[in-house]
Amino acid sequence: MENLNNLNIDESAKENIRTWLEGDYDEAAKAAIREMLKGDQGELNEAFYRSLEFGTGGLRGIMGVGTNRMNKYTVGMATQGLANYVKSCFQGEELKAVVSHDSRNHSREFAEITARVLAGNGFKVFLFEALRPTPELSFAIRALGCQTGVMVTASHNPKEYNGYKAYWNDGCQLTEPHDTRVIDEVMKIKSVGDVKILDSMEGIEIIGEGLDEIYLSRVEKNALHPELIKKHKDLKIVYTPLHGTGIVLIPKMLKRLGFENVNVVEEQATPDGNFPTTPSPNPEEHAAMEMAVNLGKKIDADIVFASDPDADRVGVAVKRPDGEWMLLNGNQTLSMIIYYVTKQWKEKGLLTGKEYIIKTIVTSELPADIAKRLGIKVYDVLTGFKWIGAKIREMEGKEQFIAGGEESYGYMVGDFVRDKDAVSACCMIAEITAWAAEQGKTFFDVLVDLYKEYGFYKEGLLSVVRKGKSGAAEIQEMMRQYRENPPKTIDGSRVVRINDIESGTTTDLLTGKVEKIDLPKSNVLQFFTEEGCKVTVRPSGTEPKIKFYFGVKGELLKKEDFEMVCNRLDAKIESIKIDMNLI
């Protein structure tokens, strides 16, 4: 037995290493630990000083050997805790679960382990035959009548990461009280000996094309103008799945709708967990979109879009009048989707007064203004798509959800999926492009039309990092100061309303009236000014940082002024940062 006493690492790490070396772990894991003992003690300590945290969204971490790493043991123990909680909630029912995974390294292995643990706990388990997008997993939970589901993915994180997202029987990621109660159950699993796992895949039902067809048939019904798609079937579309799951369904769905000129970025078409063509498979980043935009330039495309590895988020690029390509941010894409979908519902006479959209509190106010002008209700929810799913569940049978989303590139059209859906979003973005073409316009032109009609909305984000114990205290002090001494003006404009999500109140500073906000408590403050500026202050729940979201508004009279107004609003955001002593 190795002598660990002389190692300069945490006592908890030493104890966890002993457990792995002496316990029922395979020889490959033990050999890897012995090799790690010869190397960097900091890395060894990081791998073993704690257990990988099962957060409110599930697991996420660097892959490798160790209690604080994503591996078959941590996946198995987390799944046992999930299974224990689900069983306690659905006693007497036939238990069913569905599991899917993305293209990341070890994702298939982790998905099979998850399936075997759930089956070992008495669940009827459905496992997709190969990688499938997150939205299809969400859809499958309800379609197959499951109480839970798991998607093995680390979303858009770097290649070293993997994770999994846990879902409830409504197809939504875990929300209160289930999220914290599952965490409690996971923490009770102290060793691999507590895990009930089948020795083989026997009895696990493999699913694939049959479920694909049910899901794609429902996506197809989202089309509001199928005749325009057929008329403009030759639109040049460029799409990249960024080596992820989107390749399985998105090109197929676009062609099914009638788009015949879909150009996939071949270098990024093959699923590959190493993501060899991009430093990060995140469609929010310019580097991830570069190959798709270059292909768009080469073929003079009409629209370019990319999905992240688990195909729940979408990045979009559009061509400007000067021939240059512009990446849209999440607020712009969501606003365009809301603009098109609500406008078509209105024109088709589908609005009854019971329809609504949902956005998160840090998202632009433009989607809300669009909906309100048409008499459509708007619900604001906390940051995170699970809150959108929870609001849909709350309103089920009372009102009808049309569409919704968040600024971080997640969108949803219709309520048949209860999470971000890049498959539906890509199809709707392509349809908007066809609608624009029918009017002799481009996607960019319609964006300009939107800004001319409702005002030019521009958003910005600043993350202020404060590391260590003192940093956490400093962040809390910043929030205390903002509450006790809120700004009276921001960049020369009077603050007229303050939302304090933690106290659950909104205060009208002009009248002094205080009303309740129907949101779960969260440490978030929002300041609204007389001229339409919004500043949201939100400490991160997982990192030593505090985030400032800025929203400003200007007037756009003609397309030729787009660049000028855009620059003016960017300058205004910078001015607000200076006024608030943030830079």
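Trainee: How many bridges join strand β16 (residues 456–465) to β23?
Mentor: This is a predicted model in which local features need pLDDT of at least 70 and side-chain atom pairs pLDDT 80 or more, while totals for chains, interfaces and linings use all residues. Residues are numbered from 1 along each chain as its sequence is written, and side-chain values use heavy atoms, without hydrogens and water. Strands here are DSSP runs of E with at least two residues, helices runs of H or I with at least four, both numbered from the N terminus, and two strands pair if DSSP finds at least two bridges between them. β16 and β23 run antiparallel, and the number of bridges joining them is 10.

Trainee: Which residue of β23 stands opposite Thr536?
Mentor: Strand β22 (residues 534–539) is also joined to β23, running antiparallel over six bridges. In β23, Phe550 is the bridge partner of Gly460. Opposite Thr536 stands Tyr549.

Trainee: How many of the 10 residues of β23 are buried?
Mentor: Buried means under 20% relative accessible area, with a 1.4 Å probe and protein chains only. Strand β23 (residues 545–554) is mostly covered, and its buried residues number eight.

Trainee: Which strands stand at the edges of the open sheet β8-β7-β9-β10-β11?
Mentor: This sheet of five strands has mixed pairing. An edge strand has a single partner strand, so one side is left without a neighbour in the sheet; the two are β8 (262–264) and β11 (325–327).

Trainee: What angle does the direction of helix α11 make with that of β11?
Mentor: β10 (residues 314–319) pairs with β11 in the antiparallel sense over three bridges, and Val318 has Met326 as its bridge partner in β11. Helix α11 (residues 286–299) packs on the sheet, in contact (heavy atoms within 4.5 Å) with β7, β8, β9, β10 and β11. With axes fitted to C-alpha atoms, for helices over the stretch in contact, and angles from 0 to 180 degrees between N-to-C directions, the angle is about 150 degrees.

Trainee: Which element gives the largest share of the lining of the largest cavity?
Mentor: A cavity is a set of points on a 1 Å grid over the protein atoms alone where a 1.4 Å probe fits but cannot get out, and lining residues have an atom within 4 Å of a point. The largest cavity holds about 40 Å³, as space filled by probe spheres set on points joined across faces, edges and corners. Two or more lining residues come from each of α8 (209–220) and α15 (422–438). The largest share, four residues, is from α15.

Note on methods: Buried means under 20% relative accessible area, exposed over 50%, partly exposed in between (1.4 Å probe, protein chains only). On a 1 Å grid over the protein atoms alone, a cavity is a set of points where a 1.4 Å probe fits but cannot get out, and a pocket is an open set with protein on both sides within 12 Å along at least five of seven lines; lining residues have an atom within 4 Å of a point.
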